[in-house]
Amino acid sequence: MDDRHMQIGEVATRTELSLRTIRHYEETGLVVPSARSQGGFRLYTESDVQRLMVIRRMKPLGFTLDQMRDLLDATDRLDAGDALDAGEREGLLDRVRAYERAAAEQVTRLRIQLSRAEDFAGTLRARLPQDAPN
């Protein structure tokens, strides 16, 4: 991956997260800047951005900070390249599979909710005169 360091503003733009949210995730230990500049500014790598993107994708699906931390721990350990025994590796993969299933279930619930919202909007639209401005 790219070892280029980015300041928090660039990371916020790339992830579409606010500076405050990124700082909050740092305070809760979900993401830690890879470095600090001589002036004390947070510096992030592409890997940090990818970690924030995982968090950003989990949030609207209703995952808690503890669940985010647990999944990131499992994926970090799987990605570390450390020698894991077969049981430990399978345990980590089971954790990731459980989160994948939970995400898929939440996506299904959200699709149903969206369909109902679209039906409701259509019902309201049908009650309006056809020549009415939007």
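The following exercises, each with a worked solution, concern a predicted model of a protein chain.

**Exercise 1. Overall architecture**

Determine which elements make up the protein chain and in what order they run.

*Solution.* Step 1: the protein chain contains five helices and three strands. Step 2: reading from the N terminus, these elements follow the order β-α-α-β-β-α-α-α. Step 3: the extent of the chain is taken from its C-alpha trace, which spans about 65 × 45 × 25 Å along the principal axes. Step 4: the radius of gyration of the protein chain is 20 Å, whereas a compact globule of 134 residues would have a value near 14 Å.

**Exercise 2. Burial and contacts across the chain**

State what share of the residues counts as buried, and what share of the contacts with a separation of 6 or more joins residues 24 or more positions apart.

*Solution.* Step 1: 25% of the 134 residues count as buried. Step 2: the exposed surface of the protein chain amounts to about 9,300 Å², of which carbon and sulfur atoms supply 51%. Step 3: among contacts with a separation of 6 or more, 51% involve residues 24 or more positions apart.

**Exercise 3. The surroundings of Asp 48**

Asp 48 is to be examined: identify the nearest side chain of opposite charge and the side chain with which Asp 48 makes a polar contact.

*Solution.* Step 1: Asp 48 is located in helix H3, which covers residues 46–58. Step 2: Asp 48 is buried and has no salt bridge. The nearest side chain of opposite charge belongs to Arg 51, at 6.4 Å; a salt bridge requires the nitrogen and oxygen atoms to be within 4 Å. Step 3: the side chain of Asp 48 instead has a polar contact of 2.5 Å with the side chain of Ser 34. Step 4: a polar atom of the Asp 48 side chain also lies 2.8 Å from the backbone nitrogen of Thr 45. Step 5: apart from residues up to four places away in sequence, Asp 48 touches Val 31, Val 32, Pro 33, Ser 34 and Leu 43.

**Exercise 4. A salt bridge between a helix and a strand**

Establish which parts of the chain are tied together by the pair Arg 36 and Glu 26.

*Solution.* Step 1: side chains of opposite charge can pair when their charged atoms come close. Step 2: Arg 36 and Glu 26 form a salt bridge, with an N to O distance of 3.2 Å. Step 3: Arg 36 belongs to strand S2 (residues 35–36) and Glu 26 to helix H2, so the pair ties together parts that are 10 residues apart in sequence. Step 4: Glu 26 is buried at 18% relative accessible area, whereas Arg 36 is partly exposed at 45%. Step 5: beyond its neighbours within four places in sequence, Glu 26 is in contact with Val 31, Pro 33, Arg 36, Arg 42 and Tyr 44.

**Exercise 5. Salt bridges across the structure**

Find how many salt bridges the whole structure holds, and which residues are linked with Arg 95 in a network.

*Solution.* Step 1: a search of the whole structure yields 13 salt bridges. Step 2: one of them joins Glu 10 to Arg 4, with the closest N and O atoms 2.8 Å apart. Glu 10 is partly exposed at 32% relative accessibility, and Arg 4 is partly exposed at 40%. Step 3: Arg 95 and Asp 70 form another salt bridge, their closest N and O atoms being 2.6 Å apart. This pair links distant parts of the chain, with Arg 95 in helix H5 (residues 86–127) and Asp 70 in helix H4 (residues 65–79), 25 residues apart. Step 4: Arg 95 is partly exposed at 23% relative accessible area, as is Asp 70 at 28%. Step 5: a network of salt bridges links Asp 70, Asp 73, Arg 77, Glu 88 and Arg 95.

Methods
Residues numbered from 1 in each chain as written. Predicted model: local features only at pLDDT ≥ 70, side-chain atom pairs only at ≥ 80, totals over all residues. Heavy atoms only, no water. Helix = DSSP H or I, 4+ residues; strand = E, 2+ residues; numbered from the N terminus. Buried < 20%, exposed > 50% of the residue type's maximum accessible area, 1.4 Å probe, protein only. Lys, Arg positive; Asp, Glu negative; His and termini not counted. Polar contact = N/O pair within 3.5 Å; in protein donor to acceptor, adjacent residues only side chain to side chain. Contact = heavy atoms within 4.5 Å. Rg over C-alpha atoms; globule rule 2.2 N^0.38 Å. Areas by Shrake-Rupley, 256 points an atom, 1.4 Å probe, with all protein chains shown as cover.
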